[in-house]
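Please open the structure in the viewer and keep the selection panel at hand. The stops below state what to select next and what is found there.

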Amino acid sequence: MHDLRHSHASLLINNGANIKAVSERLGHDDIKTTLNTYGHLYKNQDNALAAMLDKL
């Protein structure tokens with residue numbers, strides 16, 4: 001069951017869900033818990049952020 005929880009959170013993050021919303025959905029008291037657990041999923045976001053700024 002715990003693996004499904006991680007899959008759920010990872011799918012949300014990889015599809016652009018707000019980390020604060022994911023944290024609340026998981027019931028974490030502190031967003032730091034969520035970032036410490038799932039922060040590695042944001043490694044390759046640099047190109048996406050640059051592309052977003054280019055569009056602006």
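Select Ser23 first, together with His28, Asp30, Ile31 and Thr34: these four are its contacts once neighbours within four places in sequence are left aside, a contact being a pair of heavy atoms within 4.5 Å. The model is a predicted one, in which local features need pLDDT of at least 70 and side-chain atom pairs count only at pLDDT 80 or more, while totals for chains, interfaces and linings use all residues. Residues are numbered from 1 along each chain as its sequence is written, and side-chain values use heavy atoms, with hydrogens and water left out.

Ser23 belongs to helix H2; helices here are DSSP runs of H or I with at least four residues, strands are runs of E with at least two, and both are numbered from the N terminus. Is Ser23 buried or exposed? With 2% relative accessibility, Ser23 counts as buried. The classes are buried under 20% relative accessible area, exposed over 50% and partly exposed in between, computed with a 1.4 Å probe and protein chains only.

Move next to Thr34, a residue of helix H3. Its relative accessible area is 0%, and Thr34 is therefore buried. Not counting residues up to four places away in sequence, Thr34 touches Ile19, Val22, Ser23, Leu26, His28 and Gly39.

Keep Ile19 selected and add Tyr42, which sits in the loop between helix H3 (31–38) and H4. Beyond its neighbours within four places in sequence, Tyr42 is in contact with Ile13, Ala17 and Ile19. Tyr42 counts as partly exposed, at 28% relative accessibility. For a distance label, choose the C-alpha atoms of Tyr42 and Asn14: they are 8.4 Å apart in space, although the two residues are 28 apart in sequence.

Return to helix H2 for the charged pair. Side chains of opposite charge can pair when their charged atoms come close. Which residue forms a salt bridge with Lys20? The partner is Glu24, with the closest N and O atoms 3.6 Å apart; a salt bridge requires a side-chain nitrogen of Lys or Arg within 4 Å of a carboxyl oxygen of Asp or Glu. The structure holds one such bridge. Because Lys20 and Glu24 are four residues apart in helix H2 (residues 19–26), about one helical turn separates them. Lys20 is partly exposed at 43% relative accessibility, whereas Glu24 is exposed at 54%.

Now select Leu49, Met52, Leu53 and Leu56, which form a nonpolar patch on the surface with about 480 Å² of accessible area together. Such a patch joins nonpolar side chains (Val, Leu, Ile, Met, Phe, Trp, Tyr) within 5 Å, each residue having over 30% relative accessible area and no salt bridge. Areas are obtained by the Shrake-Rupley method with a 1.4 Å probe. Within the patch, Leu53 lies in helix H4 (residues 46–55) and is exposed, with a relative accessible area of 61%.

Finally, display the whole chain. The protein has four helices and zero strands, in the order α-α-α-α along the sequence. Its C-alpha atoms fill a box of roughly 40 × 20 × 15 Å along the principal axes. Of the 56 residues, 18% count as buried. About 4600 Å² is exposed, and carbon and sulfur atoms supply 53% of that area. Among contacts with a separation of 6 or more, 34% join residues 24 or more positions apart.

Key. Patches are made of residues with over 30% relative accessible area and no salt bridge: like charges are joined within 9 Å, nonpolar side chains (Val, Leu, Ile, Met, Phe, Trp, Tyr) within 5 Å.
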